[in-house]
Amino acid sequence: MEIAENILLKDFTTFRTGGPARYFCRVQSVEDLKEAVNYAREQSLPFFVLGGGSNVLAYDEGFHGLVIKMEIAGVGFSLLANGRWRAIAGGGENWDDFVSLTVDRNLAGLENLSLIPGTVGAAPIQNIAAYGRDVRDTISSVEAFDTNTFSKKIFSNEQCQFGYRKSFFQTSDGKKFIIIGVAFDLLSEGEIKADYKDLKEYFSKHNIISPSVNDVRHAVIAIRSEKLPSISEYGTAGSFFKNPIVHESLAESLKMRYPNMPMYKEGNGKMKLLAGWIIDHICGFRGMNDGNVGSYKNQALVLVNRGGASSKDVIKFVEKIERNVFENTGILLEREVQMLS
Ligand code: NAP
C-alpha cells in the first residue's frame with residue numbers, strides 16, 4: 001500500500017475545498033487498514049478516515065496527519081432461513097451503486113435512500129435517512145476495525161445505538177472504530193414505504209397506484225434531482241446542519257412568534273424543528289450568496305460552493321447563518337458536516 005504525500009483534499013471532498021493532506025493512502029483490505037493505522041501510530045500522526053468525502057469540510061491549510069481513504073469493496077447476497085435476503089457490503093462501496101444492486105433484485109428497504117452520496121461505511125455513522133426511511137431500519141450488523149486492539153468487532157443493530165442522524169460511532173468510544181462492512185436484512189415488496197409527502201405527490205402525478213421498489217427509487221431520484229444541487233455542478237455536502245430537537249416549551253414560544261413554523265413531536269417532551277425552514281423563512285438566507293458560497297435556491301439547508309470558494313469562505317457563511325439563527329430563535333444549530341481534522 002502506497003502512502004502518498006501532499007495530496008489536495010479539494011479533489012476528494014464534494015465541497016471541492018481543502019488544502020493538502022500531509023499523508024494519504026487508499027485501503028482496500030483490513031491488512032491495508034492495519035498498515036495505515038500502524039504507520040500513523042509509529043509517526044505519532046493523527047489519522048482521518050475518508051469515505052466519499054460528501055459530508056466533510058477540509059481546512060484550506062489541509063491536514064497534517066494521514067488521510068485513510070476507505071476503499072474496501074465487495075457485495076454479497078444470501079438467503080436467510082426466515083426467507084429474507086441479507087446483503088453484506090464493504091465499507092468502501094459507493095452507497096448509491098449498492099442501493100441500485102438491491103433494487104435490481106427487487107429487495108426493499110434502501111430504495112428511499114437512493115442517490116445519497118458517500119460510501120456504505122459512512123451510512124451507519126449518521127444513520128442516513130430520507131423520505132421516511134432510516135438506514136437503521138435494515139441494518140442487521142456493522143463490522144468494524146478497532147484501532148486500539150487491531151481486532152475486528154461485530155456490532156448488532158442495538159449496539160450501534162442509532163438515533164436521529166446519530167450512532168455510537170460518533171461518540172468518543174465509537175470513534176476508535178473504523179467501519180469495514182455492513183450487513184443489511186432487506187425487506188419484501190409489501191414493506192415498501194411510499195407515504196412520504198413528496199413520494200405520494202409523485203405517484204399521484206404519475207398515476208402509479210402501487211409502486212414497486214424500482215418505482216420508489218426512480219421517484220426519489222427524480223425528486224432529489226429537482227430539489228438538490230447536482231454535485232457535478234456545485235460543490236456541496238448536502239444539508240449542512242441537523243434539524244434541532246428542542247424542548248417543547250421553546251417550540252411553543254417559537255410557535256407564538258412564528259405561527260407557520262413546522263414542528264414534529266419527537267417524544268420525551270421534545271420537538272423536531274426544521275433547520276432549513278428557519279434559515280429560509282426566519283433568517284431569509286435561501287438563495288443568498290456571499291461571494292462564491294451560498295444557500296441553495298431550492299433548499300436553504302444545503303450550502304453550495306458556486307466555484308472557487310475556500311473552506312474559510314464556507315465557514316464564514318456558516319457562522320453568519322448560525323449567528324442569525326441564534327439571535328432570532330435562541331437555537332444553536334448543530335453541524336451535520338464534519339470538519340476534516
Ligand atoms: P422535506 O421533505 O421538505 O422535509 C423537510 C424536513 O421536514 C425534513 O428534515 C424532514 O425530516 C421533515 N419532515 C417532513 N415530513 C415529516 C413528517 N411527517 N414527520 C417528521 N418530519 C418530517 O425535505 P427535503 O429537503 O425535500 O428532503 C427530503 C428528505 O431527504 C428528508 O427526509 C431529508 O431529511 C432528506 N435529505 C437529507 C439530506 C442530507 O444531506 N442529510 C439532504 C437532503 C435531503 P427528516 O429529515 O427526518 O426526514
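**Group meeting talk: a helix, two cores and a ligand site**

I278 touches P244, M261, L273, C283, V325, T329 and I331, leaving out residues up to four places away in sequence. I start with that residue, in what is a predicted model, and work outwards from there.

I278 is found in helix α6. Is I278 buried or exposed? It is buried, with a relative accessible area of 0%. Buried here means under 20% relative accessible area, so I278 qualifies. For a sense of distance, take R26, which is 252 residues away from I278 along the chain. The C-alpha atoms of I278 and R26 are separated by 40 Å.

Now the helix itself. Helix α6 covers residues 275–282, and seven of its eight residues are buried, so the helix is largely enclosed by the rest of the structure. The buried ones are A275, G276, W277, I278, I279, D280 and I282. What covers them? The cover includes β16, at 270–273, β19, at 299–305, and α7, at 311–329. After α6 comes G284, whose phi is positive, near 70°.

Next, α7, which has just been named as part of that cover. E322 has its place in helix α7. E322 has 17% relative accessibility and therefore counts as buried. Which side chain does the side chain of E322 meet in a polar contact? That of R335, at 2.7 Å. Setting aside neighbours within four places in sequence, E322 is in contact with F241, L333 and R335.

M261, one of the residues that I278 touches, also turns up next to K255. K255 lies in helix α5, residues 248–257. With a relative accessible area of 35%, K255 is partly exposed. Its contacts, neighbours within four places in sequence left aside, are N260, M261 and M263.

On to the nonpolar cores. In soluble globular proteins, nonpolar side chains tend to be buried together. The largest nonpolar core in this model has 41 residues, and W95, L110, V135, F169 and F184 touch the most other members. The elements that each supply at least two residues of this core are β7 (85–90), α2 (95–104), β10 (139–146), β12 (177–185), α3 (197–205) and α4 (213–227). Which element gives the largest share? That is α4, with five residues.

V135 serves as an example from this core. Apart from its neighbours within four places in sequence, V135 is in contact with W95, L110, L113, A123, P124, N127, I128 and F184. There is also a second, separate core, of 35 residues, and I278, C283, V314 and V325 are among them. That brings us back to the opening residue, I278, which touches both C283 and V325.

N127, one of the contacts of V135, has a backbone feature to point out. Most residues other than glycine have a negative phi, and most peptide bonds are trans. N127 is not a glycine, yet its phi is positive, about 45°. It lies in the loop between α2 and β8, and at 0% relative accessibility N127 counts as buried. N6 is another non-glycine residue with a positive phi, in this case about 50°. N6 lies in strand β1, residues 4–8. Is N6 buried or partly exposed? N6 is partly exposed, with a relative accessible area of 48%.

Last, the ligand. There are 17 residues around it, and R165, Y196, N243, K272 and Q299 come nearest. By type, the residues of this shell divide into eight nonpolar, four polar and five charged.

Three polar approaches can be listed. A polar side-chain atom of R165 is 2.7 Å from an oxygen atom of the ligand. For K272, a polar side-chain atom likewise lies 2.7 Å from a ligand oxygen atom. With S239 it is a polar backbone atom, and the distance to an oxygen atom of the ligand is 3.0 Å.

How much of the ligand does the protein cover? On its own the ligand has 790 Å² of accessible area, and the protein covers 72% of that. Two elements give two or more residues to the shell: β8, at 129–130, and β13, at 235–239.

To close, two points to keep. Helix α6 is largely enclosed, with seven of its eight residues buried. The second core, which includes I278, is separate from the one that holds V135.

Key
Residues are numbered from 1 along each chain as its sequence is written. This is a predicted model: local features need pLDDT of at least 70, side-chain atom pairs count only at pLDDT 80 or more; totals for chains, interfaces and linings use all residues. Side-chain values use heavy atoms; hydrogens and water are left out. Buried means under 20% relative accessible area, exposed over 50%, partly exposed in between (1.4 Å probe, protein chains only). Helices (H or I, at least four residues) and strands (E, at least two) are DSSP runs, numbered from the N terminus. Contact means heavy atoms within 4.5 Å. A residue is near a molecule or strand if one of its heavy atoms lies within 4 Å of it. A polar contact is a pair of N or O atoms within 3.5 Å; within protein, one must be able to donate a hydrogen and the other to accept it, and residues adjacent in sequence count only if both atoms are side-chain atoms. Accessible areas come from the Shrake-Rupley method with a 1.4 Å probe; for residues, only the protein chains shown count as cover. Ala, Val, Leu, Ile, Met, Phe, Trp, Tyr, Cys and Pro count as nonpolar, Asp, Glu, Lys and Arg as charged, and the others, Gly among them, as polar. A nonpolar core is a set of buried Ala, Val, Leu, Ile, Met, Phe, Trp, Tyr and Cys residues joined through side-chain atoms within 4.5 Å.
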